[in-house]
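Visitor: I would like a close look at a single part of this structure, followed by a connected account of what surrounds it. Please take the cysteines and the buried interior as the starting point.

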Amino acid sequence: MLKRTSLFSAHQKLGAKLIDFGGWEMPVQYTSISDEHLAVRKAAGIFDISHMGEVTVSGSGAEAFLNRTLTNDVRKLAPGQGQYTLMCHEQGGVIDDLYAYRLAPDAFFLIINASRIATDVAWLQAQAAKFSGGQLNLTDASHHYAAIAVQGPKVRSFINDCLPGASEAVIAVAAVSKLKKNQLAGFPFENNNLLVACTGYTGEDGFEILGPEAVAEPIWNKLLAVGATAGIKPCGLGARDTLRTEVCYPLYGHELDEHTTPIEAGVGFFVALDKGEFNGRAVLAAQKAEGVKKKLVAFKMTDKSAPPRPHYPIWVNGAKTGIVTSGTQSPSLNVGIGLGYVPPESAKAGTPLEIEIRGKYCAAVVVPKPIYQPAKA
């Protein structure tokens, strides 16, 4: 039996095409992937992300524990701030990538991938059992939260009409629209408390709203209503994937896994080697100093072809050298694009590649990341 979010009936009413996504029955599209994708790039899109997981970590040892367990430096976070970070095992492979927010001096809120909830929680509990650096409370809060992402350049023009007024928790801001990138605050909605974060997975400006399941559908419907004149559209997993691929955001199970390190994946910026000991540090430090055997690159197709897809072979100078991890037709650029791993000598921008698509060798070229640069507000 597939799990369903509290927005399942809302998706049905909107005529969504529903698929099995990691054990969840989720919308892949409503109208078309391209239509929804372009709505996010030009106006606004709304996504159900209630399948994502949430973990709270609190107590006098919370900061020290997370700094031993995650790659980024949570000491840099003031209350109301968040950061992208990764959780690695001792060999440097990625258990998950996640967002960590500080709610208070001794309280943190983690948003983790839906497919990794059980694995992540078990890993965190195992690490907590070995930790002796202060009081620690670790809670899987996933079943307490529904979550909605609203993304696009016009979102700030209507978000306050859905969630009016100033924040009431975490940090003081006059309105949701006043939140800056990677900030989080608590806002009231119909006698409920919501967490609103200024983050996202599309490359566009926008917010992620987390709250009790009972208010998910009222928030969803109100956002669609107040955003109607701005051109908001409900968006499925298909558009979420094309949007994140254009801006080269990694997806766990594609670019990241337990056999791949953050350095290989090109997210070494989120590895704070100078903060002291943490899981995987020795391997990651060695890779940073000595180099890696594979590198994640972005590429564009240079000839007409079917879109590249995950697991397609990558060829360089007649030799199979790598594999596509993510590939699609870019709605913004109207060209095939993708991400994949190649040896370091083939990773330089401008390097010609061939992607093997259904037995044909189709020309492509390594390009700088991101493949598509969203317009700045």
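Visitor: Is cysteine 162 buried or exposed, and what is its relative accessible area?

Guide: In this predicted model, cysteine 162 has a relative accessible area of 0% and is therefore buried. Its sulfur lies 15 Å from the closest cysteine sulfur, which belongs to cysteine 198, and this is too far for a bond. Cysteine 235 is likewise in no disulfide, since the nearest cysteine sulfur to it, that of cysteine 162, is 16 Å away. With a relative accessibility of 2%, cysteine 235 also counts as buried. With a cut-off of 2.5 Å between sulfur atoms, the count of disulfides comes to zero.

From the cysteines one can turn to the nonpolar interior. In soluble globular proteins, nonpolar side chains tend to be buried together. The largest nonpolar core here has 41 residues, and those touching the most other members are Phe47, Tyr101, Phe109, Leu210, Leu256 and Leu284. Two or more residues are given to this core by each of several elements, among them strand E5 (82-88), strand E6 (94-104), strand E11 (192-197), helix H7 (237-246), strand E14 (295-301) and strand E17 (335-342). A second core, separate from this one, has 34 residues and includes Val155, Val196, Trp220 and Ile232. Leucine 284, one of the residues named for the largest core, is in contact with Thr71, Cys88, Gly92, Thr261, Pro262, Ile263, Val271, Leu273 and Phe278, once its neighbours within four places in sequence are left aside.

Aromatic rings add a further layer to this picture, for a search of the whole structure finds eight aromatic pairs. In one of them, the ring centres of tyrosine 99 and tyrosine 101 are 5.6 Å apart and the ring planes stand at 25°, so the pair is stacked. Tyrosine 99 and tyrosine 101 are both buried, and ring pairs link Tyr99 and Tyr101 with Tyr84, Phe269 and Phe270 into a cluster. In another pair, formed by phenylalanine 109 and tyrosine 145, the centres are 5.3 Å apart and the planes are at 70°, so this pair is edge-to-face. The pair links distant parts of the chain, with phenylalanine 109 in strand E7 (residues 107-112) and tyrosine 145, 36 residues apart from it, in the loop between strand E8 (137-140) and strand E9 (146-151). Phenylalanine 109 has 0% relative accessibility and so counts as buried.

The loop between E8 and E9 also holds alanine 141, which counts as buried at 4% relative accessibility. Alanine 141 is 32 residues from phenylalanine 109 in sequence, while their C-alpha atoms are 9.4 Å apart in space. Not counting residues up to four places away in sequence, alanine 141 touches Glu54, Val55 and Thr56.

Strand E4 (53-58) is in turn among the elements that cover the buried residues of helix H3, together with E5, E7 and helix H4 (117-130). Within H3 (residues 62-69), the buried residues include Ala62, Phe65, Leu66, Asn67 and Thr69. Helix H2 (residues 33-42) can be described in a similar way, its buried residues being Glu36, His37, Ala39, Val40 and Arg41. The elements covering them include strand E2 (24-29), strand E3 (44-48), E9, strand E13 (232-234) and H7.

Strand E2 is itself mostly covered, with five of its six residues buried. Five bridges join E2 to strand E1 (residues 17-21), and the two run antiparallel; one of the pairings sets lysine 17 against its bridge partner in E2, glutamine 29. Two residues separate E1 from E2 in the hairpin that they form, and glycine 22 in the turn has a positive phi of about 60°.

Against these buried positions one may set glutamate 168, which is exposed, with a relative accessible area of 59%. Glutamate 168 lies in the loop between helix H5 (159-162) and strand E10 (184-189). Its C-alpha is 5.6 Å from that of glycine 186, although 18 residues separate the two in sequence. Residues up to four places away in sequence not being counted, glutamate 168 touches Gly186 and Pro188.

Notes: Residues numbered from 1 in each chain as written. Predicted model: local features only at pLDDT ≥ 70, side-chain atom pairs only at ≥ 80, totals over all residues. Heavy atoms only, no water. Phe/Tyr/Trp six-rings, centres within 6.5 Å; stacked < 30°, edge-to-face > 60°. Buried < 20%, exposed > 50% of the residue type's maximum accessible area, 1.4 Å probe, protein only. Helix = DSSP H or I, 4+ residues; strand = E, 2+ residues; numbered from the N terminus. Core = buried A, V, L, I, M, F, W, Y, C linked by side-chain atoms within 4.5 Å. Contact = heavy atoms within 4.5 Å. Pairing = 2+ DSSP bridges.
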